[in-house]
Amino acid sequence: PRWRVGLVTAALALTILLGGIRRIADISTVLVPVMALLYLGGGLAVILGNLRRLPEAVTLMLRCAVVPEAALGGALGIVTRREALRWGVARSVFSNEAGLGSAAITAACADTEDPVKQGLISMTGVFFDTMVICSVTGLAICCSGVLGAVDASGAPVDGAALTILAFQTVLGDLGGKCIALFIVLFAFSTILGWEYQGETAFSYLT
């Protein structure tokens with residue numbers, strides 16, 4: 001039930017947030033690396049479990065990215081449907097917060113005397129989010145053979161549901177449960193981060 005999930009989430013978030021930025025940092029320092037490593041481990045397990053399809057998957061990804069039809073389709077989508085542009089921006093912002101600019105709020109609060117070092121640390125977030133985690137996810141989906149799968153109603157499966165199907169090809173039911181857990185942890189850490197950023201912005205405005 002949504003209200004129960006919301007209540008538990010709010011209570012857990014409040015417990016952490018009352019401790020201020022130091023407690024948020026302490027929780028995130030443990031939570032983010034652990035969930036990222038577990039997710040990468042699961043994704044690599046799926047890739048290794050379907051290793052024979054890896055060359056085909058890499059070829060498919062590269063071919064779909066560089067063919068003229070891809071550029072033409074993107075251009076026509078932007079011209080004929082505003083939704084295509086909106087989805088493109090949404091995907092890039094969802095991948096990491098560099099395009100949104102909000103990560104700078106947290107970076108500015110870092111306890112450091114070297115701004116260059118802090119800038120390099122901020123850059124690693126973009127690299128791991130987009131280049132590593134997204135690439136592992138894409139390869140896991142393409143290697144597993146679930147790309148193009150449809151649900152019971154005949155609609156294409158996408159998003160988290162498609163990732164769950166990919167993980168289940170090697171990890172079985174455990175794969176689906178792992179993805180559900182990862183989504184919860186990623187979402188909860190996002191709630192903590194955005195609360196602090198919202199609080200900082202509100203404090204500045206008032």
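**Surface and overall build**

I began with the surface of the protein chain, and its accessible area comes to about 13900 Å², of which 70% belongs to carbon and sulfur atoms. I note at the outset that this is a predicted model, and I read every entry below with that in mind.

I then looked up the secondary structure, and I found nine helices and zero strands in the protein chain, so that I could write the order of elements from the N terminus as α-α-α-α-α-α-α-α-α. For the dimensions, I noted that the C-alpha trace spans about 50 × 40 × 35 Å along its principal axes.

I checked burial next, and of the 206 residues in the protein chain, 22% are buried. Turning to contacts between residues at least 6 apart in sequence, I recorded that 69% of them join residues at least 24 apart.

For the charges, I counted 13 positive and 14 negative side chains in the protein chain, and I noted that the centres of the two sets lie 8 Å apart.

**Nonpolar cores**

I looked for the largest nonpolar core and found that it has 15 residues, with Y39, I47, I133, F167 and I179 having the most contacts inside it. I asked which helices supply at least two residues each to this core, and the entry reads α2, α7 (115-144) and α9. The largest share, six residues, comes from α7. Apart from this core I found another, of nine residues, which includes A13, M35, F188 and Y196.

**Y39 and the aromatic rings**

I followed Y39 further, since it had appeared among the residues with the most contacts inside the largest core. Leaving aside its neighbours within four places in sequence, I found Y39 in contact with I133, T137, T163, F167, I179 and F182.

I then went through the aromatic pairs, of which the structure holds four. One of them joins Y39 and F182, with 5.6 Å from centre to centre and 80° between the planes, and I entered it as edge-to-face. This pair links distant parts of the chain, for Y39 is in helix α2 (residues 20-49) and F182 is in helix α9 (residues 173-205), 143 residues apart. I checked the accessibility of the two partners, and both Y39 and F182 are buried.

I looked at F127 and F128 as well, and because their ring centres are 5.5 Å apart and their planes stand at 75°, I entered this pair as edge-to-face too. What is the burial class of F127, at 45% relative accessibility? I wrote down partly exposed for F127, and F128, at 45% relative accessibility, likewise counts as partly exposed.

To close the aromatic entries, I noted that Y39, F167, F182 and F186 form one aromatic cluster.

**T163 and Q118**

I returned to T163, which I had met as a contact of Y39, and I located T163 in helix α8. Its relative accessibility is 10%, and since buried means under 20%, T163 counts as buried. Not counting residues up to four places away in sequence, I found that T163 touches Y39, T137, I141 and I179; T137 and I179 are also listed among the contacts of Y39.

I placed Q118 in helix α7. Is Q118 buried or exposed? At 16% relative accessibility, Q118 counts as buried. Leaving aside its neighbours within four places in sequence, I found Q118 in contact with A107, A110 and T112.

**D151 and G88**

I looked up D151 and found it in the loop between α7 and α8 (159-171), where D151 is partly exposed, with a relative accessible area of 36%. I also took the separation of D151 from S122, and I recorded 29 residues in sequence and 39 Å in space, C-alpha to C-alpha.

My last residue was G88, which lies in helix α5 (residues 82-95) and, at 40% relative accessibility, counts as partly exposed. For G88 and L17 I recorded a separation of 71 residues in sequence and of 33 Å in space, C-alpha to C-alpha.

Key: Residues are numbered from 1 along each chain as its sequence is written. Side-chain values use heavy atoms; hydrogens and water are left out. Rings of Phe, Tyr and Trp (its six-membered ring) pair if their centres lie within 6.5 Å; planes under 30 degrees apart count as stacked, over 60 as edge-to-face and the rest as tilted. Helices (H or I, at least four residues) and strands (E, at least two) are DSSP runs, numbered from the N terminus. Buried means under 20% relative accessible area, exposed over 50%, partly exposed in between (1.4 Å probe, protein chains only). Contact means heavy atoms within 4.5 Å. Accessible areas come from the Shrake-Rupley method with a 1.4 Å probe; for residues, only the protein chains shown count as cover. Lys and Arg count as positive and Asp and Glu as negative; His and the chain ends are not counted. The place of a charge is taken as NZ of Lys, CZ of Arg, CG of Asp or CD of Glu. A nonpolar core is a set of buried Ala, Val, Leu, Ile, Met, Phe, Trp, Tyr and Cys residues joined through side-chain atoms within 4.5 Å.
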